[in-house]
Amino acid sequence: MESEVVNSLLVRKYNQPVPRYTSYPTVPFWNEPLDNERWKSGFSAKFSEQNHINGISLYIHLPFCESLCTYCGCNKKITTNHKVEDEYLAGIEKEWTLYRKLMKQTPVIREIHLGGGTPTFFSPRNLQRLLNFILKGSIVHPQHEFSIEGHPNNTTVEHLKMLHATGFRRISYGVQDNDPQVQRIINRIQPFENVKNATGNARTVGFKSVNFDLIYGLPLQTLESIERTINKVIELKPDRIAFYSYAHVPWASKAQRLFDESHLPSAEEKIFLYLKGKELLMKNGYVDIGMDHFALPTDDLYKAWNEGKLHRNFMGYTTQNAGMLLGLGVSSISDTGNAFAQNEKALHDYYTAIHAGKLAIRKGYFLSEEDLAFRKYILDIACKGETGFNEEHLYILEQYTFPMLTDLAKDGLIEWSRAGLKLTDQGHYFIRNICSAFDLHLHRKHPVQQIFSKAI
Ligand code: SF4
């Protein structure tokens, strides 16, 4: 009981909007516009270096959804007109062709992730067309990992069979919440039967890992409703669960203005929703991998975490370590290892660039030596829970990072010395805050004291 009380106090203290560090530097610090010629030559050089060693990862953004979930902050386009599928796939095919011209060897595909939007908005035939186009003339890596985000309401057995035959073994379903009242207010009516059937079908077809996304902090959620949701969904034993915090940003996401803010749990209530969810998951055998992710010990994500082989990129945690990630489609992000680029966010701008024979890049960033070093610290902490310091960086660490580490250590979240740091059990919950101690861009924008200023 004591530790729960201490834990809650710390949760309040560190309850700040901290990045999830799927990139470092984070997107707000990227430049707009990006030097396209420099990006292209850097991409070619990195591809030639990485392709034959680790292969490449592909993220393909499929933005269409049939109805609008009011909590959504993704890049999506709401339509029931499925004629948009052809035009969009033609755009992706052109974009892939433009990138293929920058590749001097046959690409080795190690990872594909179809994300959205709702990838299963597309018919199985159209998804097959897209995958055939990409894989024709590519080599599939022997340890490839192909995954898709499926909507429980429209993922059909035909989708699953086609994907399985093409090498997909992982699927992630957006479950979010099982309570009918919550589903109504977020405009995502999704009977439990649909989740159950979609999960059962994926397993019958041969998918070996099923992930559920759940969200805490949604309007009308209560401790009782979150308990009911978690108890219900774990009956289906998903291999992984991502338990995300709802980010209320109505100034950036118009859909979030569609419900009454008075129905949102307070910041304090939200913390307890998380703690309740986490407690139930852990009681039922799930392990906290970090940054909102839980996995059963039988799942590869747990095994990679346990063996210190976890990686992190824009798709979140991954068991694969392809040297570079190419993002295709509207708003997608690419990461060559020493540079980032993000595509245009509006469909119209994306199509205009692609049809003019240009890459549709809107913004990006070329990492400095210092960025690369501090990114490694952040990734080590996020994936392994520890990192060692390089003597060369001690003067910067002393200036920006060590004062924060002193504070974190006082709260029992880390053990550290001038050689490195290790998270304590309690510190695991606060990984994002601990990573932020190494975010030099954030420090240089805000004085150190302001970052941890919200005291208990
Ligand atoms: S939550 Fe998913 S299905 Fe709902 S609108 Fe957003 S992208 Fe579409």
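In this predicted model, helix H12, spanning residues 369-384, lies across strands E17 and E19 and runs at about 150 degrees to E17. On the same topic of helix packing, helix H13 (residues 394-410) packs on the sheet, where it touches E18 and E19, and its direction makes about 140 degrees with that of E18.

The sheet that carries these contacts is an open one of three strands, arranged in the order E17-E19-E18 with antiparallel pairing. Its edges are formed by strand E17 (386-388) and strand E18 (414-417), each of which pairs on one side only, and neighbouring strands are turned by 5 degrees against each other on average, direction ignored. Between E18 and strand E19 (residues 420-423), the antiparallel pairing extends over four bridges, and Ser-417 has Gly-420 in E19 as its bridge partner.

Elsewhere in the chain, strand E4 (residues 108-116) is largely enclosed by the rest of the structure, because nine of its nine residues are buried. Strand E1 (residues 56-62) runs parallel to E4 and is joined to E4 by seven bridges, with Ser-57 standing opposite Glu-111 in E4. E4 also pairs in the parallel sense with strand E5 (residues 139-150), over six bridges, and here the bridge partner of Glu-111 is Glu-145 in E5. Together with helix H4 (residues 124-135), E4 and E5 make a right-handed β-α-β unit.

The ligand, finally, is surrounded by Cys-65, Ser-67, Cys-69, Tyr-71, Cys-72, Gly-117, Thr-118 and Arg-188, a shell that divides into four nonpolar residues, three polar ones and one charged.

Methods
Residues numbered from 1 in each chain as written. Predicted model: local features only at pLDDT ≥ 70, side-chain atom pairs only at ≥ 80, totals over all residues. Heavy atoms only, no water. Near = heavy atom within 4 Å. Nonpolar A, V, L, I, M, F, W, Y, C, P; charged D, E, K, R; others polar. Pairing = 2+ DSSP bridges. Helix = DSSP H or I, 4+ residues; strand = E, 2+ residues; numbered from the N terminus. Axes fitted to C-alpha atoms, helices over the stretch in contact; angles between N-to-C directions. Contact = heavy atoms within 4.5 Å. Buried < 20%, exposed > 50% of the residue type's maximum accessible area, 1.4 Å probe, protein only. Right-handed = clockwise from strand over helix to strand, strands pointing away.
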